[in-house]
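Let's walk through this structure together, one step at a time. Keep the picture and the sequence side by side as you read.

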Amino acid sequence: MYTCYVEEISSNQILHLLCLISDVCLSDLCTLWTGLTRIKPTMSFYPSYLMCLCLGILCVVFVSYWNAEWRGGFAWDGSSKQFNWHPVLMVAGLVVMYGNAAVVYRVPLTWGHSKTPWKLMHAGMLLLALILSVLGLCAVFDFHNAKTIPNLYSLHSWIGICTVALFASQWVVGFVAFLLPCCALEIRKLIKPLHVWMGAIILVLSIVSCISGINEKLFFSLKGNDNMTQPYAKLPSEALFANSLGVLIVLFGLVVLYILHNQSWRRPELGHDGEGYRPLSHEES
Ligand code: HEM
């Protein structure tokens, strides 16, 4: 009977009891308690973040190595070597840089500071991602035009162009709403959930574009009818490597979405204007 009662008492009641016993000020104990409960989610963030960083680096290394080793390297001369910039810039920009920009606010080290520099960092990284993706598109459009290959005929190109257009619009709306001081707080509050949701959707679409692009490129290149390459169906080393790149891109996306989805890793937004940061002792649990 007594055991049951002890199991049912809440953590607050335990704190009150401790206060009575040790005569310690309740607010001090609350501060300690809040701090302790924050340590776990904060510490558990870093393995996921490390995984995100490592997978991102691996994606860029894999896509560069694939194009350097099997596709003849890089040039900007309208040849297939110019095309090779396309996958590298798209993966580096619209996947890796974009994904890392999306999780900037989740890094607990940034919580103890004003949000403004991190907003600038977020917007700056996304702008870099946008520039890389536009350069990646220029590479493939130039190559198509030089070789008189039609533009925007494939499913990959349709999804890809829509993804970049959505990303560009998201960046402009985000810049106006969250960085320009003219935007009212009510409008920011209204836009924020949509901004977060759209951010995740754009990442998913980027990953879909990459997977379809890798697949398409392998079907185009590994026909096996010239003695230079084995057919895709025989899974030559290039296909194995490029398929692995696809798997790495999917894993990277899943880790980023997992980080974004985890509520306990969200930056505490306790200032009345959403800008400020209050020390732990002032935060609600
Ligand atoms: C977020 C990533 C990507 C986006 C947004 C994207 C977008 C596009 C677009 C818009 C085109 C059409 C260009 C034109 O019609 O002239 C295109 C072409 C192409 N892309 Fe990508 N791409 C992405 C990643 C990749 C990757 C990783 C590969 C892997 C090699 C790739 C392979 C191709 C190929 C083979 C073409 C030419 C054939 C076609 O037009 O479908 N793409 N891409």
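Four helices each supply at least two residues of the shell around the ligand: α5 (85-102), α6 (115-146), α7 (155-179) and α8 (185-221). Please keep in mind that what you see is a predicted model. Which of the helices gives the most to the shell? That is α8, with 8 residues. In total, 26 residues surround the ligand, and the closest are M90, S154, S157, G160 and G213. You can try to find these five names in the picture. As for the chemical character of the shell, 13 of its residues are nonpolar, 11 are polar and 2 are charged.

Now step back and look at the protein chain as a whole. How many helices and how many strands does the protein chain have? There are 9 helices and 0 strands, so reading along the sequence gives you the pattern α-α-α-α-α-α-α-α-α. The protein chain has 285 residues, and buried residues make up 22% of them. Contacts tell you how the chain folds back on itself in sequence terms: among contacts with a separation of 6 or more, 73% join residues that are 24 or more positions apart.

Let's return to α8, the helix that gives the most to the shell around the ligand, and see what else it does. Its axis and the axis of helix α9 (residues 237-261) come within 10 Å and cross at roughly 175 degrees. Why do we call this pair roughly antiparallel? An angle over 145 degrees counts as roughly antiparallel, and therefore α8 and α9 are described in this way. On the α8 side, the contact is made by A200, L203, V204, I207, C210, I211, I214 and L218. On the α9 side, the residues are A239, A242, L245, G246, I249, V250, G253, V256, L257 and L260. Sorted by class, this contact has 16 nonpolar residues, 2 polar ones and no charged ones.

Helix α8 also holds K189. Is K189 buried or exposed? K189 has 11 other C-beta atoms within 10 Å, and because 12 or fewer counts as exposed, K189 is exposed. K189 and F178 are 11 residues apart along the chain, and their C-alpha atoms are separated by 9.8 Å.

Next, compare the model with a database record. An unreviewed UniProt entry carries the annotation "transmembrane region" for residues 48-68, 88-108, 120-143, 155-182, 194-214 and 240-260. Take two of these spans as examples. Residues 88-108 are 71% helix and 0% strand, with end C-alpha atoms 30 Å apart. Residues 240-260 are 100% helix and 0% strand, and their end C-alpha atoms lie 30 Å apart.

Finally, let's visit two loops. Most residues other than glycine have a negative phi. L152, in the loop between α6 and α7, has a positive phi near 50 degrees, although this residue is not a glycine. L152 is exposed, with 11 other C-beta atoms within 10 Å. L235 sits in the loop between α8 and α9 and also has a positive phi, of about 50 degrees, without being a glycine. With 12 C-beta neighbours inside 10 Å, L235 counts as exposed too.

Methods:
Residues are numbered from 1 along each chain as its sequence is written. This is a predicted model: local features need pLDDT of at least 70, side-chain atom pairs count only at pLDDT 80 or more; totals for chains, interfaces and linings use all residues. A residue is near a molecule or strand if its C-beta atom, placed from the backbone, lies within 6 Å of it. Ala, Val, Leu, Ile, Met, Phe, Trp, Tyr, Cys and Pro count as nonpolar, Asp, Glu, Lys and Arg as charged, and the others, Gly among them, as polar. A residue is buried if 20 or more other C-beta atoms lie within 10 Å of its own, exposed if 12 or fewer, and partly exposed in between; C-beta atoms are placed from the backbone. Two residues are in contact if their C-beta atoms, placed from the backbone, lie within 7 Å. Axes are lines fitted to C-alpha atoms, for helices over the stretch in contact, and angles run from 0 to 180 degrees between N-to-C directions. Angles under 35 degrees count as roughly parallel, over 145 as roughly antiparallel, 65 to 115 as roughly perpendicular and the rest as oblique. UniProt positions are given in the numbering used here, feature names are shortened, and annotations may be inferred rather than shown by experiment.
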